[in-house]
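Below is a set of questions and answers on side-chain contacts. Each answer sets a value against a cut-off and draws the conclusion.

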Amino acid sequence: MLRNPIHLRLEKLVSWQHQTFMACLCERMYPNYWAFCQQTQFADPQLYRRILDLVWESLTVKEAKINFDSQLEKLEEAIPSADDFDMYGVYPAIDACVALSDLVHALLSGETLEQAIEVSETSITTVAMLEMTQAGREMTDEELKLNPAVEEEWDIQWEIFRLLAECEERDIELIKGLRADLREAAISNIGINFSQ
């Protein structure tokens, strides 16, 4: 799928930065899962919210002791199957779950770089797939690179990256600020508005 120089640049970051980057992208995918659950009553979207909140907590609270193994099990049960739903919204919902699952795996394994690249690609894929679905055709990588929605997603990923890259050490205020901004914006990578 779409490669971007950001994937090379992520190598310069350390694990807390990778984790924060992934948490930001999951925060932007959460409304997609929430909207799908609202439409289908498939699962309680609060489960996703709680797991993501625990991730944020682990990034900002030094003594946070969280059993991410059990969180991963809960999450895996709450991932919809595309075969069970005849609606487009299942795909962004699955992508959101895959991204959160990658993030939790990264916390468990300490392998954060590859997972950060995966989550970046998952988020961009959600955007690209919607654009192609709406256009009713496949698009080349060249076309997608010039697509405004795809460009906007890369811009946001770069913005998050740059804020993190400027930090010498873990900056709790920055992490909390990113989280607050994204939750306040309450809009997903494909423009779904999260409204309580």
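Q: What makes a contact a salt bridge, and how many does the structure hold?
A: A salt bridge is a side-chain nitrogen of Lys or Arg within 4 Å of a carboxyl oxygen of Asp or Glu. By that rule this predicted model holds 7 salt bridges.

Q: Why is the contact of Arg-49 with Glu-27 called a salt bridge?
A: The closest N and O atoms of Arg-49 and Glu-27 are 2.7 Å apart. The cut-off is 4 Å, so the pair qualifies. Arg-49 lies in helix H3 (residues 46-60) and Glu-27 in helix H2, so the salt bridge ties together parts that are 22 residues apart in sequence.

Q: How do you know whether Arg-49 and Glu-27 are buried or exposed?
A: Buried means under 20% relative accessible area. Arg-49 has 6%, so this residue counts as buried. Glu-27 has 4% and is therefore buried.

Q: What makes Asp-53 and Arg-179 a salt bridge, and which parts does the pair tie together?
A: Their side chains meet at 3.1 Å, N to O, and the limit is 4 Å, so the pair counts. Asp-53 is in helix H3 and Arg-179 in helix H9, so parts 126 residues apart in sequence are tied together.

Q: Why are Asp-53 and Arg-179 called partly exposed?
A: The class runs between the buried limit of 20% and the exposed limit of 50%. Asp-53 has a relative accessibility of 22%, so the label is partly exposed. Arg-179, at 25%, is partly exposed by the same rule.

Q: Which residues are linked in a network of salt bridges?
A: The network links Glu-27, Arg-49, Asp-53, Arg-179 and Arg-183.

Q: What makes Glu-142 and Lys-145 a salt bridge, and where do they lie?
A: The N to O distance between Glu-142 and Lys-145 is 3.6 Å; the cut-off is 4 Å, so this is a salt bridge. Both residues lie in helix H7 (residues 141-145), 3 residues apart, about one turn of the helix. Glu-142 has a relative accessible area of 53%, over the 50% limit, so this residue is exposed. Lys-145 has 41% and is partly exposed.

Q: Why is the pair of Trp-34 and Phe-194 called edge-to-face?
A: The search of the whole structure finds 9 aromatic pairs. In the pair of Trp-34 and Phe-194 the ring centres are 4.7 Å apart and the planes stand at 75°. Planes over 60 degrees apart count as edge-to-face, so the name follows. Trp-34 is in helix H2 (residues 15-40) and Phe-194 in the segment after helix H9 (172-185), 160 residues apart. Trp-34 is buried at 11% relative accessible area, and Phe-194 is buried at 18%.

Q: What makes the pair of Tyr-88 and Tyr-91 tilted?
A: The angle between the planes is 55°, neither under 30 nor over 60 degrees, so the pair is tilted. The centres are 5.9 Å apart. Tyr-88 is partly exposed at 27%, and Tyr-91 is partly exposed at 42%.

Q: Which residues do ring pairs link into a cluster?
A: The cluster consists of Tyr-30, Tyr-33, Trp-34, Tyr-48 and Phe-194.

Q: Where does the charged end of Arg-49 sit?
A: The charged end of Arg-49 sits over the ring of Tyr-30, 5.0 Å from the ring centre.

Terms used. Residues numbered from 1 in each chain as written. Predicted model: local features only at pLDDT ≥ 70, side-chain atom pairs only at ≥ 80, totals over all residues. Heavy atoms only, no water. Phe/Tyr/Trp six-rings, centres within 6.5 Å; stacked < 30°, edge-to-face > 60°. Helix = DSSP H or I, 4+ residues; strand = E, 2+ residues; numbered from the N terminus. Buried < 20%, exposed > 50% of the residue type's maximum accessible area, 1.4 Å probe, protein only. Lys NZ or Arg CZ within 6 Å of the ring centre and 35° of its normal.
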